[in-house]
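Colleague: Got a minute to walk me through this one? I'd like to talk about how the chains sit against each other.

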Amino acid sequence: MAEVVTRDFVSATQAAVKDTQLRQALRRAGTGFDGTRREAIHEVTPEVWEEWREQARRIKEHTIGHLDYYLEMLERNVTAAGGRVHFAADAGQANAIVAQIARDNGVRTVTKSKSMVSEELGLNHVLEAQGIDVFETDLGEYIIQLANETPSHLVAPALHKTRRQVAQLFADQLGVPYSEDIEEMARIARVVLRQKFLDADMGISGANFLVAETGSLVIITNEGNGRLCTSAPRVHVGLAGMEKVIPSLQDLAVFLRLLPRSATGQRITSYMSMVTGPRRPDDEDGPEEFHLVIVDNGRSRLLADPALRESLYCIRCGACLNVCPVYQRVGGHAYGWVYPGPIGSIVTPGLVGLGQAKDLPNASTLCGACRDACPVQINIPRMLLHLRHVAAEGQGSYQGTGSDTESLFARGFAAVMSSPRLLNLGRKMGRWLLAPLANRGVLGQTRLPVVSRWTRARDLPIPPPRSFAEIWRDELSNSGSDSKRA
Amino acid sequence: MSQPRTIRASLFTTCIVDQLYPEVGVSVVRVLRRAGVEVDYPEGQTCCGQPLYNSGFTGEARKLAERTLNLLDDRAFVVVPSGSCGAMMRVFYLDLFADDPELQARARDLSQRVYEFTEFLVDVVGYEPATGDQPERGCRVAYHPSCHLLREMEVTGAPQRLLDAAPGIERVDLPDAEQCCGFGGTFAIKYPHISEEMLADKVAAATGSGADTLTACDMGCLMHIGGAVSRQKLPLRVRHIAQLLDGESG
Amino acid sequence: MGIPSAQFRETIRAALGRQSGPPAEPYDVLAEEFPALEARAEAVRERAARETPELLDRMAETAALRGWNVQRCDGAEEALDYVTSLARSLGATSVARSEQEVFETVPVDAAVAGAGGLCWPAVYDGPSSRTEVRQRLAESDMGITGADYAIAETGSVVVLPRRGLSRLVSVVPPVHLAIVRPSDLLGTLDDLFALRRLEHVRNGGDMGSYLNFITGPSRTADIEQTIVVGVHGPREVHMVLLDKE
């Protein structure tokens, strides 16, 4: 599996917020994608958009609720079309399956179109260890493969890289003359990868959707690399998380409307390719073998928890990242694993364990922008709250280890708030302690523990002599309504 | 004039107003009374439980929520000068008591009676601030829609309507208004480095808007934004919307 | 290596707390019987035929917005003129095309020849010619195909690779030209999928190995969100929209 460094969230984000280049890149992408997304919604009207979202959600809810049934239907129909379906309980199994297919076919070169699942599995390293040349072909993925990095965004994997960095990378790794011209860089990638496409023995793709009734794998791309990966090599392997299935071809329509608009604001992507089995004997071209690898790798744990199940409705559009004020400041890498942003803060603890990723559910102000942007209405804040609850009070299947200090503080807070008398006493003590430290009526920078984390950038009010309850009792309770004036 | 009818409302001030910003509570009472509302104040109220709920301490939060339900069970309308606490009572109590049908039924009942302050003024009272109600003063006000008010309580227009109708207030656009200010309760002290970045953007948007006053319906957000404004000694007043409607000129 | 599918499904059922078997409430779309599907598909066809003039206008407008160079043509002659002038402006020497019915009414070979180029059918005569055809495709200046469907809602051309229609003709050359007849036009994505489903049922569960849904040129914005056209697919796409068959 891909390296999990989710425990470093605090130090990673401390570095990230100071990275002005990253911030600039994030702002460009965030406002760019989100601006066109909003335009696209406006164009179809918010009412129609809401209907689409509800329809999509109903489809996902139904399918995930009967996932075993639809996976069986999918398997039957892929097999009937001449393909083979493999089931992997975890990353190790998935990688072994793909490696075996490669060995069986004497594969030396692999071209890949973008697949987040393959990033999750860390598949490239496994194939490379077997002596296979693996080429990512999505431009963004190609860039991060050359840089030996991981994606920082669900749909724009190299978003964190500036044109200068890419130019330097191409010059260093490909031996081409340094050029900051973006068209030129895209041209270089085209030329380098063109021959790989034609030479590759095996193509690996992800799947945006799997259609149960026809046994089809659907991928949505803009560059055309997905078409080449699934058309040119002798063998095509599709990788998909088990949640990607939808019942009918008819269900695809609404997702084709929602996904591109949510992801980049495009009304439709340049390409949608639907693969149903290998080439037929009569076909001019296409792979002779088609394999579909369905991956669990922790998803059944998310499925088992009714509070987290809807995280499996995600179609990986990245809209929640683009609107998230936290993601927009820290970028994708800080989240420490393959899936960043708000949805990553649910999926990552689910897949790698909450104990490994305790910061992620807390790294949100619960502002709700992600839920509003989600094309399948996933209630991300509610799931973050659930994970916080599990971490704090240690129940459920994702039991983390709550912090004792915090738990003590929470109990103390509850005790004080259960008694107006104690609360008032608390305020008076606070006033007594803090007033001597005050300057212009507020508390400025201080070394007091916890408080200092507030006061490093913000003044704190000193509790006033009287509470509202006291003012009410003394002055307001008997003054009645002065509405007669109006 | 419409039929004279007396609307009674029970005020839930929220603990932050009660303990740190009592003057906001006073303005809330004054504006409600001016709007013809008969205001009462259920004694013994403290915290709705939201800070605990947001930190995952559901068990402790339930104690406070149940306490709040007990206080508010028979009140016709409950008015809360906060979108955040209002959302807790309207939306999250239902989740909090999901496994207890009796308490959940009471929570559901409360959810239909609880209103955020501006929402109550506009949707229930039909209040239009009028000249003569308040002292005339000229100020340019930027309104920050706090996240839970906007997205959980779905109050999208009431505050702006009241500000637009209030004499002497000129409302100016706040750039990226719907971006969170970075408070998020414990978020601000757990991840101060991220919170401060969000805060800096919000403060920059407010100062760049041409407003002399920033307002919102939540003292949590305003304590956060105001704390930075005060630290940086910026020429910007930060006021709860009730204070502006009350004609407080500070 | 992996686990048996039954075991995989058992894990899922345990997670869902569900017994095996179909959903208690049948899924509407899948419950549709063949005659109903056939009737719906027929209705789609009829509506498209009835609304052809509107669909043509909508197609032209949407396709242009999505990056196609749209040329509306009154008939084959105009279409061929367009092909000739395009081939000439590209300085095309090698133009690949599919073998499709549309070229009987719009014989593009002569039109390309008129511009001094060679138009050749990209079909394989057995496995040995595969490498050769691919190499020729990689060196050609343009690929021409017909359309199996054209979707007005999205401005897209749908091609179904099969005998005579290589998957690569519309993606490998730097320019793609699609010839769309009025009878190819459909209103919406829903229309397309209704017809594909019917095909699937009719052919006993087979609707072909591939479907290409093409909307505008190949593009990327992976470096600094700057849009560049023509990454791995064509940088330039042309749609000849025939106003009548």
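**Chain A and its partners**

Modeller: Sure. Start with chain C and chain A: 77 residues of chain C and 99 residues of chain A take part in the contact. Keep in mind that this is a predicted model.

Colleague: How much area is buried between chain C and chain A?

Modeller: About 7,500 Å², with carbon and sulfur atoms giving 57% of that. On the chain C side, Ile223(C), Glu224(C) and His232(C) lose the most area to chain A, and together they make up 11% of what that side buries.

Colleague: And how many salt bridges are there between chain C and chain A?

Modeller: The count is 10. In one salt bridge, the side chains of Glu284(A) and Arg163(C) meet at 3.0 Å, N to O. There are also 46 residue pairs in polar contact between the two chains, both residues being at pLDDT 80 or more.

Colleague: Which element gives the most to the side of chain C that touches chain A?

Modeller: That's α1(C), with eight residues. Elements giving two or more residues to that side include α1 (5-16), α9 (189-202) and β9 (210-214) of chain C. By residue type, the side divides into 34 nonpolar, 24 polar and 19 charged.

Colleague: What does β9(C) pair with?

Modeller: With strand β9 of chain A, residues 271-275; the pairing is antiparallel and runs over five bridges. Within β9(C), Asn212(C) stands opposite Ser273(A).

Colleague: Switching to chain B. How many residues does the contact take from chain B and from chain A?

Modeller: 70 from chain B and 75 from chain A. Those two chains bury about 6,200 Å² between them, 58% of it on carbon and sulfur atoms. Gln19(B), Arg33(B) and Arg231(B) supply 12% of the area that chain B buries against chain A, more than any other three residues.

Colleague: What about charges and polar contacts there?

Modeller: Chain B and chain A have nine salt bridges. Arg329(A) forms one with Asp201(B), where the closest N and O atoms are 2.5 Å apart. The polar contacts across this interface come to 34 residue pairs, again with both at pLDDT 80 or more. Helix α11 of chain B, residues 192-208, gives the most to the side of chain B that touches chain A, with nine residues.

Colleague: Last thing: how is chain A divided into domains?

Modeller: Domain 1 covers 6-300 and domain 2 covers 420-477. Taken over C-alpha atoms, the centres of these two domains of chain A are separated by 54 Å.

Methods: Residues numbered from 1 in each chain as written. Chains lettered and ligands numbered in written order. Heavy atoms only, no water. Contact = heavy atoms within 4.5 Å. Buried area = accessible area lost by both parts, 1.4 Å probe. Salt bridge = Lys/Arg side-chain N within 4 Å of Asp/Glu carboxyl O. Polar contact = N/O pair within 3.5 Å; in protein donor to acceptor, adjacent residues only side chain to side chain. Helix = DSSP H or I, 4+ residues; strand = E, 2+ residues; numbered from the N terminus. Nonpolar A, V, L, I, M, F, W, Y, C, P; charged D, E, K, R; others polar. Pairing = 2+ DSSP bridges. Domains from an automatic or database assignment.
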